[in-house]
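Open the model in your viewer and keep the selection box handy. We'll go stop by stop, with a note on what to pick next.

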Amino acid sequence: MGTLRDLQYALQEKIEELRQRDALIDELELELDQKDELIQRLQNELDKYRSIIKPATQQVHKQTELQEQQRTKRQAISAEPTAFDIQDLSHVTLPFYAKSPQSKDLIKEAILDNDFMKNLELSQIQEIVDCMYPVEYGKDSCIIKEGDVGSLVYVMEDGKVEVTKESLKLCTMGPGKVFGELAILYNCTRTATVKSESSQTP
């Protein structure tokens with residue numbers, strides 16, 4: 001009889017264990033369904049985000065394309081800071097400078113690729129794009145000097161620049177890169193020197 005009771009007890013334990021496993025499986029399946037829904041929502045948000053960032057270049061007028069082809073090549077696009085927090089751009093009226101769809105797209109992508117600016121709101125990024133204007137630099141020009149007070153942030157449009165700190169070369173940057181943003185964002189002096197490369201044609 002003792003052996004039968006032991007078997008019955010062991011059977012009950014197994015049944016209870018199976019019930020617990022079934023309950024755990026149900027919980028995991030529910031959690032998986034919730035995560036699938038979250039992934040789908042995030043995918044939808046990502047699709048909307050991409051549709052905003054990527055302009056429909058097919059709608060560009062032929063005259064605009066012709067003007068873009070004839071315009072003078074430029075090395076950088078810059079924007080002057082104003083006396084406000086960059087995180088509060090939506091409450092400030094900024095100047096507007098017309099530019100080609102290609103330049104707008106380049107500036108947006110450069111900002112989104114920058115670790116210090118990519119978390120701005122889309123509306124703030126659009127306002128930065130609108131208020132930037134083109135400037136040109138000849139070969140061997142010193143665009144930014146280490147230690148100076150910063151007043152401009154740049155997005156490379158054409159050419160290449162060399163970045164140095166304490167006379168040591170840090171890197172070379174080409175089109176589609178932001179530089180000069182640290183002095184603007186953190187209200188500090190320039191942290192490095194940026195010069196156009198000697199082989200660059202202005």
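Which residues point one way from S4, and which the other way? Select the strand and look along it: Val-153 and Val-155 go to one side, Tyr-154 and Met-156 go to the other, and all of them are buried. Buried here is under 20% relative accessible area, exposed is over 50%, and partly exposed is in between, with a 1.4 Å probe and protein chains only. In a regular strand the side chains alternate between the two faces of the sheet.

Some ground rules before moving on. This is a predicted model, where local features need pLDDT of at least 70 and side-chain atom pairs count only at pLDDT 80 or more, while totals for chains, interfaces and linings use all residues. Residues are numbered from 1 along each chain as its sequence is written, and side-chain values use heavy atoms, leaving out hydrogens and water.

**Zoom out**

Show the whole chain as a cartoon. You should find 5 helices and 8 strands, running α-α-β-α-α-β-β-β-β-β-β-α-β from the N terminus. The elements are DSSP runs numbered from the N terminus: helices are H or I with at least four residues, strands are E with at least two. Of the 202 residues, 30% count as buried. Switch on a surface and the chain exposes about 14,000 Å², with carbon and sulfur atoms supplying 52% of that; the areas come from the Shrake-Rupley method with a 1.4 Å probe. Among contacts (heavy atoms within 4.5 Å) between residues at least 6 apart in sequence, 75% join residues at least 24 apart.

**The sheet**

Now select S3, S8, S5 and S6. They make an open sheet of 4 strands, in that order, with antiparallel pairing. The edge strands are S3 and S6, each pairing on one side only. From one strand to the next the twist averages 30°, using axes fitted as lines to C-alpha atoms, with angles from 0 to 180 degrees between N-to-C directions. Two strands count as paired if DSSP finds at least two bridges between them.

Keep S5 highlighted and check both of its partners:

- S6 (residues 168–173) pairs with S5 in the antiparallel sense over 5 bridges; look for Thr-164 opposite Lys-169.
- S8 (residues 193–196) pairs with S5 over 4 bridges, also antiparallel; here Glu-162 stands opposite Lys-195.

**The hairpin turn**

Follow S5 into S6: the two form a hairpin with 2 residues between them. Glu-166 in the turn has a positive phi of about 55°, and Ser-167, in the loop between S5 and S6, has a phi near 70°. Most residues other than glycine have a negative phi. Ser-167 counts as exposed because its relative accessibility is 72%.

For another positive phi, jump to Asn-187, in the loop between helix H5 (181–185) and S8. Its phi is near 50°, and at 73% relative accessibility Asn-187 counts as exposed.

**Into the core**

Go back to S4 and add S7 (residues 178–179): these pair in the antiparallel sense over 2 bridges, with Tyr-154 opposite Phe-179. Both residues are among those with the most contacts inside the largest nonpolar core, alongside Ile-143, Ile-144, Val-161 and Val-194. That core has 14 residues; a nonpolar core is a set of buried Ala, Val, Leu, Ile, Met, Phe, Trp, Tyr and Cys residues joined through side-chain atoms within 4.5 Å. The elements giving two or more residues to the core are S2 (133–135), S3 (142–144), S4 (153–156) and S5 (161–165). Apart from this core lies another, of 12 residues, including Ala-110, Leu-120, Ile-128 and Met-132.

Center on Val-161 next. Leaving aside neighbours within four places in sequence, its contacts include Ile-143, Met-156, Cys-171, Phe-179 and Val-194.

**Last picks**

Select Leu-152, in the loop between S3 and S4. Leu-152 is buried because its relative accessible area is 16%. Draw a distance to Ala-183: the two are 31 residues apart in sequence and 8.5 Å apart in space, C-alpha to C-alpha.

Finish with two cysteines. Cys-131 counts as buried at 10% relative accessibility, while Cys-171 counts as partly exposed at 32%. How many disulfides are there in the whole structure? A search finds 0, where a disulfide is a pair of cysteine sulfur atoms within 2.5 Å.
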